[in-house]
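Here is a short round of questions on one model. Please keep the sequence and the coordinates at hand.

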Amino acid sequence: MAPAFAHTPLPAAPYGEPLPAPETVRAVSASAALRIGCDREGLARARSFTRDTLGAWSLGHRCDDATLVMAELAVNAVTHAAPRCPGVPDVRLGFRLEPAHLLLTVSDPDDHPPVHAPGAGSGLEEHGRGLHIVDALSEAWGWTPTDPAGKTVWARLSTHPPT
């Protein structure tokens, strides 16, 4: 079980900083980024961008877990953070490939930390399971405040094939 809110230094650009176009992902890249709108289309783009990026990096064996983790983080940002920050039409997704790990990040303009309530999200509840899923599928996850405002929620997954 990954520790909730483990703090690992994470370089985080300010929320408004421009990102490269999503179409620039290459197999030799060490990172990729995408802005998504706070709507169903944006969430669908998050899932397909995750699958495309991992495919380009020959990480198909991590695709299902990474897509689910990224989708949960993106849904949390769109559902909880975006409504608190009217006028901000999107959130940022990031991928960083490290020698033994894949780092997934979702940045939003809201300063409130993610809420991971022990015992919540169990049973047949319709909502509240997202961070429990992230916790179960990742080696570690946490969040880092961004300057001047907002936060980046991150999850780290192994790049090694399952044994």
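Q: How many helices and strands does the protein have, and in what order do the elements run?
A: The protein has three helices and five strands. Helices (H or I, at least four residues) and strands (E, at least two) are DSSP runs, numbered from the N terminus. From that end, the order is β-α-α-β-β-α-β-β.

Q: What kind of model is this, and which pLDDT cut-offs apply?
A: Residues are numbered from 1 along each chain as its sequence is written, and side-chain values use heavy atoms, with hydrogens and water left out. This is a predicted model: totals for chains, interfaces and linings use all residues, local features need pLDDT of at least 70, and side-chain atom pairs count only at pLDDT 80 or more.

Q: In what order do the five strands form the sheet?
A: Two strands pair if DSSP finds at least two bridges between them. The sheet is open and its pairing is antiparallel. Its edge strands, each pairing on one side only, are β1 (31-37) and β4 (140-145). The strand order is β1-β2-β3-β5-β4.

Q: What does the twist average from one strand to the next?
A: Axes are lines fitted to C-alpha atoms, for helices over the stretch in contact, and angles run from 0 to 180 degrees between N-to-C directions. From one strand to the next, the twist averages 20 degrees.

Q: How many bridges join β3 to β5, and which residue is the partner of Thr 105?
A: β3 and β5 run antiparallel and are joined by eight bridges. Within β5, the bridge partner of Thr 105 is Trp 154.

Q: In the hairpin of β4 and β5, which residue takes a positive phi?
A: β4 and β5 pair in the antiparallel sense over six bridges. One bridge partner pair is Ala 140 and Arg 156, the latter in β5. Five residues lie between the strands of this hairpin. The residue with a positive phi, near 100 degrees, is Gly 150.

Q: Which strands does helix α1 lie across, and at about what angle does it run to β1?
A: Helix α1 covers residues 40-56. It lies across β1, β2 and β3. Its angle to β1 is about 165 degrees.

Q: Which element gives the largest share of the largest nonpolar core?
A: A nonpolar core is a set of buried Ala, Val, Leu, Ile, Met, Phe, Trp, Tyr and Cys residues joined through side-chain atoms within 4.5 Å. The largest one has 28 residues, and those with the most contacts inside it are Ile 36, Leu 73, Leu 93, Phe 95 and Leu 104. Two or more residues come from each of β1, α1, α2 (63-81), β2, β3, α3 and β5. The largest share of this core, seven residues, comes from α2.

Q: How many of the residues of β5 are buried?
A: Buried means under 20% relative accessible area, exposed over 50%, partly exposed in between (1.4 Å probe, protein chains only). In the protein, buried residues make up 42% of the 163 residues. β5 is mostly covered, and the buried count among its eight residues is seven.

Q: What share of the contacts with a separation of 6 or more comes from residues 24 or more positions apart?
A: Contact means heavy atoms within 4.5 Å. Phe 95, leaving aside neighbours within four places in sequence, is in contact with residues including Ala 30, Phe 49, Trp 57 and Met 70. Across the protein, the share from residues 24 or more positions apart is 68%.

Q: Which residues join Lys 151 in one network of salt bridges?
A: A salt bridge is a side-chain nitrogen of Lys or Arg within 4 Å of a carboxyl oxygen of Asp or Glu. Lys 151 meets Asp 108 at 2.9 Å, N to O, and Asp 110 at 3.8 Å. The Asp 110 pair links the loop between β3 and α3 (130-137) to strand β5, 41 residues apart. Sharing partners, these salt bridges join Lys 151 with Asp 108 and Asp 110.

Q: Is Glu 98, the salt-bridge partner of Arg 96, buried or partly exposed?
A: The closest N and O atoms of Glu 98 and Arg 96 are 3.1 Å apart. Arg 96 has a relative accessible area of 29%. For Glu 98 the value is 25%, so Glu 98 is partly exposed.
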